Amino acid sequence: MNACTDAALLDAVAGAIALQRLAAPLDAMGTRLRTTTENGLRQVAAIGGHAGAVAERAGTVEGHARRQAEVAEEAAAHMVRLEARLGEVERRVGELSAAMAELLGFVGTVETRTKGIGSIAHAIRDIAASTNMLALNATIEAAHAGAAGKGFGVIANEIRNLSHQTMDATARVDNQKDDIEKNVAAMVEAVRRVEALVGRMNESMADCLEDARVARPCVEEGGVLAADLNGQSRGIVEAVGAVQESLASLHEGSASQAAEAESLADHARQVKETSESQLAAVGRLRFAAHERARRSVEELVRGDDVRGMARPRVEAALRRALDQGLFELLYVTDAGGRQIVDNIGLVATAYGDKGLGKDWSGRPWFRHPTGKRETYVSDFYRSAATNAYCLTVSAPVFDAAGNLAGVLGADVDLGRLVELARTDQCRQLNS
């Protein structure tokens with residue numbers, strides 16, 4: 001393979017690696033965008049549902065507000081009529097109070113006149129008593145006069161009878177007068193109670209009228225507020241309608257964005273698959289980068305520290321090898337495939353431990369060096385630890401007697417390997 005072809009391969013691998021590095025975040029971005037868009041669509045659907053519910057409730061509120069405005073208007077009209085009627089009742093109660101006062105005046109006059117009748121009856125009773133006394137004296141004088149006094153005696157008897165009748169009539173008048181006085185007193189008391197009741201009724205009606213006058217502005221204000229609430233409810237319904245239209249538009253945009261995100265993810269997957277295919281195809285060729293990795297590993301297994309297979313010295317040698325900046329992970333097994341050192345590297349392994357004591361006897365990177373006694377270089381693959389492309393280079397470890405002592409494995413970062421190979425190539429061209 002000539003230098004031009006090798007350089008082209010290095011450029012192709014470098015480009016594929018760069019493309020692969022770009023494809024991975026692009027794929028992740030497409031996935032995140034699709035997830036975000038799907039979440040957005042769900043949120044839009046949820047918001048649309050909530051907006052519909054709010055619109056429905058706003059419609060209900062508008063209906064209630066409209067009915068409240070109608071009821072408030074009717075209440076205001078009733079309050080106006082109630083105020084007018086209470087005013088009329090107040091006037092009628094005033095007239096009744098005046099009539100009761102006039103009746104009370106008449107009752108007072110009757111009471112006064114009844115007392116006057118009593119005085120007259122008393123005077124008549126005194127006159128009757130005097131007349132009776134006079135008739136008695138006349139009878140006595142007529143008896144003294146003898147026959148000459150008979151006519152005078154008859155007149156005296158008539159006077160006596162008239163006196164008795166007068167006294168009887170006076171007694172009957174006294175009795176009637178007592179009954180009249182009792183009835184008049186009861187009527188006066190009843191009229192006074194009625195007057196007091198009318199007074200309290202008048203006060204209550206005045207309070208009712210005042211309450212109606214005070215309540216009327218409140219009811220009218222309630223009507224105004226209800227009308228304003230009705231307008232506000234209509235505004236809410238219109239605003240929610242606009243929100244629903246915006247949500248519908250947003251939903252369409254999100255759906256389009258979701259399709260574009262899916263397309264972006266598909267393109268990213270295609271780029272990723274293409275770059276992987278390109279790297280796999282190139283990885284089956286062997287060029288300068290492979291040789292550099294091979295030389296580095298073969299130089300490392302020839303060192304006395306590694307050939308001695310003593311764990312502390314082997315691990316120290318592997319750590320020094322990391323300074324080359326080429327290796328991602330280094331490890332050594334014995335001749336049976338059992339790892340005798342910790343994993344030495346710049347990244348953690350995907351196995352959750354340090355690898356000491358692990359059996360790798362079934363892996364190709366172990367079986368090839370032990371079977372053919374030569375260095376093994378794998379195809380490109382994606383690292384489980386870093387997700388970057390790498391390759392494994394392994395070489396047999398021979399002791400001082402030339403016997404197989406174990407295998408040294410090295411995971412090499414492909415990007416770093418290509419960078420170093422291109423640097424070496426440029427240095428050669430410039431020298």
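**Exercise 1. Find how exposed Arg 313 is, and trace the salt bridges around it.**

Step 1. Start with the accessible area: Arg 313 has a relative value of 47%, so it is partly exposed. Here buried means under 20% relative accessible area, exposed over 50%, and partly exposed in between (1.4 Å probe, protein chains only). The areas come from the Shrake-Rupley method, and for residues only the protein chains shown count as cover.

A word on the ground rules before going on. This is a predicted model, in which local features need pLDDT of at least 70 and side-chain atom pairs count only at pLDDT 80 or more, while totals for chains, interfaces and linings use all residues. Residues are numbered from 1 along each chain as its sequence is written, and side-chain values use heavy atoms, with hydrogens and water left out.

Step 2. Look for partners. A salt bridge is a side-chain nitrogen of Lys or Arg within 4 Å of a carboxyl oxygen of Asp or Glu. Arg 313 meets Asp 305 in such a bridge, at 2.5 Å from N to O.

Step 3. Now turn to Asp 305, whose side chain also forms a salt bridge with Arg 320, at 2.7 Å from N to O. This pair links distant parts of the chain: Arg 320 sits in helix H5 (residues 311–321) and Asp 305 in helix H4 (residues 304–307), 15 residues apart. Helices (H or I, at least four residues) and strands (E, at least two) are DSSP runs, numbered from the N terminus.

Step 4. Arg 320 is partly exposed, because its relative accessibility is 47%. Through shared partners, Asp 305, Arg 313 and Arg 320 are joined into one salt-bridge network.

**Exercise 2. Describe the salt bridge between Glu 291 and Arg 294, and say how many salt bridges the rule gives.**

Step 1. The N to O distance for Glu 291 and Arg 294 is 3.9 Å.

Step 2. Both residues belong to helix H3 (residues 288–301), 3 residues apart, or about one turn of the helix.

Step 3. Glu 291 is partly exposed at 34%, and Arg 294 is partly exposed at 23%.

Step 4. The count by this rule is 5 salt bridges.

**Exercise 3. Locate Ser 296 and list what it touches.**

Step 1. Ser 296 is in helix H3.

Step 2. Its relative accessibility is 11%, so Ser 296 counts as buried.

Step 3. Leaving out residues up to four places away in sequence, Ser 296 touches Gln 324, Leu 326 and Phe 327. Contact means heavy atoms within 4.5 Å.

**Exercise 4. Work out which elements build the largest nonpolar core.**

Step 1. A nonpolar core is a set of buried Ala, Val, Leu, Ile, Met, Phe, Trp, Tyr and Cys residues joined through side-chain atoms within 4.5 Å. The largest one has 33 residues, and those with the most contacts inside it include Leu 318, Phe 327 and Val 412.

Step 2. Two or more residues come from each of H3, H5, strand S1 (327–334), strand S5 (389–398), strand S6 (404–413) and helix H7 (414–430). S5 gives the most, with 5 residues.

Step 3. Apart from this core lies another, of 7 residues, among them Leu 329, Tyr 331, Trp 365 and Phe 366.

**Exercise 5. Judge the confidence of the model.**

Step 1. The protein's mean pLDDT (the predictor's confidence in each residue, from 0 to 100) is 75, and 65% of its residues reach 70 or more.

Step 2. Over residues 281–286, pLDDT stays under 50. Where pLDDT is low, the predicted coordinates should not be read in detail.
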